[in-house]
Amino acid sequence: MLEEKTSYINCPKLCCSSLLVSEGREENYQHILALVFAVKEISENNHILFNMTLGMHLSNSYFMARWTYLASMELLSTRGRFIPNYKCDSKDWAVSVIAGPNSHICPFMANILNVYKVPQLIYGSSPMTDDQLQAAFFHRFFPDGDQQIMGILQLLLYFRWKWIGLILQRNESGDRFIQNAVPLFSQNGVCFEFMGEMAKETFSNDIGAAFKDFSKMYIIIMKSTANVIILYCENQVTVIFRMLPYFTEFEEIPIERKDKVWIMPAQMEFTSLPFQKSRGMDVFHGVISFEIASKEISGFNKFLQMRNPTSEVEDHLLRVFWEQAFECSFPKDKLDEDTGMLCTGGEKLENLPKSVFDTTMTGQSYSIYNAVYAVAHALQAVFSPKHRTRAKVGREIFLTPKAWQLHRYLRTTSFNNTAGQKISFNENGDLDTGFDIINWVTFPNETFVKFKVGKIDPAASPDKLFTIKDITWPTMFNQVFPVLPLSVCNDNCNSGSLKKKIEGKPFCCYDCLPCAKGKISTQMGKSCVVQNYSVLLTAQNLCILKAITFLSYNEPLGITLASVSLFLSFITALVLGIFINQRNTPIVKANNRSLTYILLIVLLLSFLCSLLFIGQPDQGKCFMRQAAFGIIFSVALSCILGKTIIVVLAFMATRPGSKMRKWVGNRLAFSIVLFCSLAQFTICTAWLTISPPFPDSDMHSIAEEIVLECNEGSTTMFYIVLSFLGLLTSVSFTVAFLARKLPDSFNEAKFITFSMLVFCSVWISFVPTYLSTKGKYMVAVEIFSILASAAGLLGCIFSPKCYIIIMRPDLNTKGHNHIVLDILKY
């Protein structure tokens with residue numbers, strides 16, 4: 001640690017003094033040289049401050065508030081006498097303070113200097129304040145912090161890094177990052193595996209506790225699956241960061257070291273301690289950092305080459321730095337003291353490795369350089385004839401400006417520095433510029449090079465706001481841009497799959513589930529969507545044309561059903577012909593000839609109506625088929641109900657004194673048929689009027705096919721038609737069941753009971769089967785039910801009679817059917 005020193009650079013009698021509060025280790029010595037270089041340039045330039053020389057006073061905060069307060073109060077005291085608020089040497093009057101690079105010194109300094117309205121120029125990160133009065137005294141030579149946050153976000157999104165870690169310091173800058181950046185990152189799909197607090201550096205003797213905290217942080221980093229980590233800290237943290245690979249040398253940590261892609265903000269520059277000179281630099285290899293946008297300052301390298309501790313007698317700090325950097329010592333007053341290797345003064349700064357001293361002007365040094373020039377231009381405005389105050393001391397005249405007069409000139413200053421870059425402030429008091437994106441590349445000789453690989457330019461068009469080019473990645477990734485290191489919670493979902501969030505983990509973590517059958521996802525992890533006109537391949541990420549299908553006459557199932565329908569129609573017509581031919585025989589008369597003819601005709605029509613269900617659906621077929629089926633089967637069931645009721649009434653009428661005889665006859669039977677048929681006809685007419693069926697296509701039931709079908713229009717009306725048929729069936733079955741014990745010589749009631757049992761079994765099994773099938777097989781199920789139920793009626797009712805007519809004509813006599821025959825005469 002350097003001791004606090006004060007240095008003046010060729011300060012003549014006309015002098016305005018500027019104070020730099022810096023955490024002045026040797027690694028920050030370039031900041032001091034940038035200040036000296038800027039002061040020297042301005043003093044030699046008569047076009048800015050004519051006949052006037054700037055001076056400076058340097059102080060070290062030592063990371064402590066009391067040293068910051070001391071430096072601030074010394075500024076208000078007479079030189080060499082610590083009496084705050086008593087300053088008699090007018091030529092040593094300080095008009096501004098340049099402070100940095102760490103943010104925590106700003107509020108301590110402001111507590112003193114704000115009282116005197118002293119301009120405070122901040123060249124590193126600075127705390128934000130809601131107090132506009134306090135903020136008026138700060139002039140930040142640092143771009144808007146939100147702009148840097150947006151730059152980091154753009155970097156993450158550009159490389160598709162969605163799973164990252166965060167290590168920050170618990171100060172106002174870190175808190176502001178959590179408050180502003182973390183929600184913004186989450187809104188843009190970036191989530192954090194961990195957010196750790198950087199172990200606080202300590203200057204006490206409790207090194208063990210501090211090292212334990214660092215070890216915990218190391219374990220968290222190495223266990224992390226995130227390959228990208230934001231290190232949102234300040235300069236001194238790079239000292240700790242450089243030691244990261246060597247923690248395992250001091251303590252047994254059973255974790256293998258892994259390279260990470262580190263992202264560092266502009267307020268974090270390379271620093272190092274003397275004992276680290278022998279340590280490797282590989283941990284910095286591939287680091288991506290932000291730096292205040294800058295241009296090369298001509299003459300700075302030459303200025304560094306001319307630095308010589310033997311010629312700069314008054315610059316005591318240079319001699320201290322020289323001894324530490326070159327590991328030598330200058331001759332002391334005591335001759336017997338062992339001084340080791342002597343410093344000759346011939347050593348060259350450019351020969352030092354960059355890990356010790358970087359001869360390239362850093363972003364923070366560039367800000368100091370611009371801050372000095374800003375003060376000079378503000379003084380130039382103040383010393384115009386309208387704004388100067390004269391104080392006469394003996395024969396000398398001193399210009400003694402008030403510090404508060406500089407504020408409005410600093411706020412509105414705008415100039416081009418020696419590199420040609422325009423320097424000005426925005427309305428919030430931040431430096432109106434952007435950031436450079438720097439890529440660090442290290443070498444085995446303990447040195448490194450920082451390459452400018454991109455920039456954040458707020459003044460550019462939106463498409464050029466963020467630009468980046470080739471990047472060298474950490475060694476472990478062994479990749480060259482644009483082949484990118486991945487930093488995701490889990491592998492990307494392939495096309496044909498859907499993301500599903502994992503409970504208890506951040507939203508970036510998800511499982512990849514295959515799309516459901518009938519859906520497709522052509523983009524990685526995107527939503528599975530239904531494809532209406534194509535069939536999905538196995539991976540569900542590509543489509544081919546679907547086949548259009550319907551129950552046709554060209555396929556085996558259609559041919560089989562059509563053939564069965566025609567065959568049963570032929571059988572029905574044959575039975576009808578037999579009954580017409582045998583119309584005068586007792587068995588035909590005993591079974592109510594007229595109802596028998598009607599029943600056979602509607603059974604014939606029921607077999608034929610099944611053909612309406614086969615073939616490509618069109619408007620005519622869809623309009624007719626369900627209505628025809630419902631009306632035809634209603635007539636058939638009403639005929640069976642009429643026949644059963646007549647049989648029951650016929651046997652009841654044989655009792656002595658029975659009044660049932662007047663109800664027995666064709667009139668009652670026709671009335672039953674007519675009433676039941678008209679009821680079903682009314683239902684079907686209402687259905688076809690309100691919501692008629694129409695041709696449609698089913699694209700969702702079967703992923704590989706588009707099924708052409710008839711949409712029933714109103715499913716409710718369809719089930720009402722079926723329900724009415726079920727009612728007729730139930731009544732017919734009940735009446736027939738009650739009449740099953742009639743004399744064996746007339747057993748049609750038993751046949752009707754059995755036929756109704758078959759009919760009920762078919763249609764009860766139809767409903768669940770129909771609802772569980774898809775596509776053309778739904779149509780096949782309905783056709784099968786129509787044919788099976790109609791065939792059941794035909795076979796159960798008419799096969800016994802045909803057997804008697806054809807095979808046993810001896811039973812077809814009046815003696816076997818005399819009861820009904822006598823009744824039916826009336």
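Me: What makes Asp436 and Lys452 a salt bridge?

Reply: In this predicted model, the closest N and O atoms of Asp436 and Lys452 are 3.2 Å apart, and a salt bridge requires a side-chain nitrogen of Lys or Arg within 4 Å of a carboxyl oxygen of Asp or Glu, so the pair qualifies. Asp436 belongs to strand β15 (residues 435-443) and Lys452 to strand β16, with their positions 16 residues apart in the sequence, and the pair thereby links distant parts of the chain.

Me: Why is Asp436 called buried or exposed, and what about Lys452?

Reply: The relative accessibility of Asp436 is 5%, and buried means under 20%, so Asp436 counts as buried. Lys452 has a relative accessible area of 44%, which falls between the limits of 20% and 50%, and Lys452 is therefore partly exposed.

Me: How do you know that Lys450 forms a salt bridge with Glu291?

Reply: The closest N and O atoms of Lys450 and Glu291 are 3.5 Å apart, and the cut-off is 4 Å, so this pair is also accepted. Lys450 lies in strand β16 (residues 447-456) and Glu291 in strand β10 (residues 288-292), 159 residues apart. Glu291 is buried, with a relative accessible area of 10%, whereas Lys450, at 23%, counts as partly exposed.

Me: What makes Lys450 a charge over the ring of Trp440?

Reply: Lys450 lies over the face of Trp440, at 5.2 Å from the ring centre, and the distance limit is 6 Å, so the distance part of the rule is met. Arg319 offers another case, with its charged end over the ring of Phe330, 4.2 Å from the centre of that ring.

Me: How do you know that the salt bridge of Lys776 and Glu555 links distant parts of the chain?

Reply: The side chains of Lys776 and Glu555 meet at 2.8 Å, N to O, while the two residues are 221 residues apart, Lys776 in helix α21 (residues 776-806) and Glu555 in the loop between β24 (547-549) and α14 (556-581). Both Lys776 and Glu555 are buried.

Me: Why is the ring pair of Phe629 and Phe633 called tilted?

Reply: The ring centres of Phe629 and Phe633 are 5.2 Å apart, and rings pair if their centres lie within 6.5 Å, so the two count as a pair. Their planes stand at 55°, and since stacked means under 30 degrees and edge-to-face over 60, the pair is tilted. Phe629 and Phe633 both lie in helix α17 (residues 619-652), four residues apart, about one turn of the helix. Each is buried, Phe629 at 1% relative accessibility and Phe633 at 1% as well. Ring pairs also link them into a cluster whose members include Trp687, Phe718 and Tyr770.

Me: How do you know that the buried residues of α3 line one face of the helix?

Reply: The buried residues of α3 are Ile105, Cys106, Met109, Ala110, Ile112 and Leu113. Seen down the axis of α3, these residues fall within an arc of 160°, so they line one face of the helix.

Me: Why is Arg160 called exposed?

Reply: Its relative accessible area is 56%, and exposed means over 50%, so Arg160 is exposed. Arg160 is found in the loop between α5 (145-158) and β6 (163-168), and has a positive phi of about 60° although it is not a glycine.

Key:
Residues numbered from 1 in each chain as written. Predicted model: local features only at pLDDT ≥ 70, side-chain atom pairs only at ≥ 80, totals over all residues. Heavy atoms only, no water. Phe/Tyr/Trp six-rings, centres within 6.5 Å; stacked < 30°, edge-to-face > 60°. Buried < 20%, exposed > 50% of the residue type's maximum accessible area, 1.4 Å probe, protein only. Lys NZ or Arg CZ within 6 Å of the ring centre and 35° of its normal. Arc of directions from axis to C-beta.
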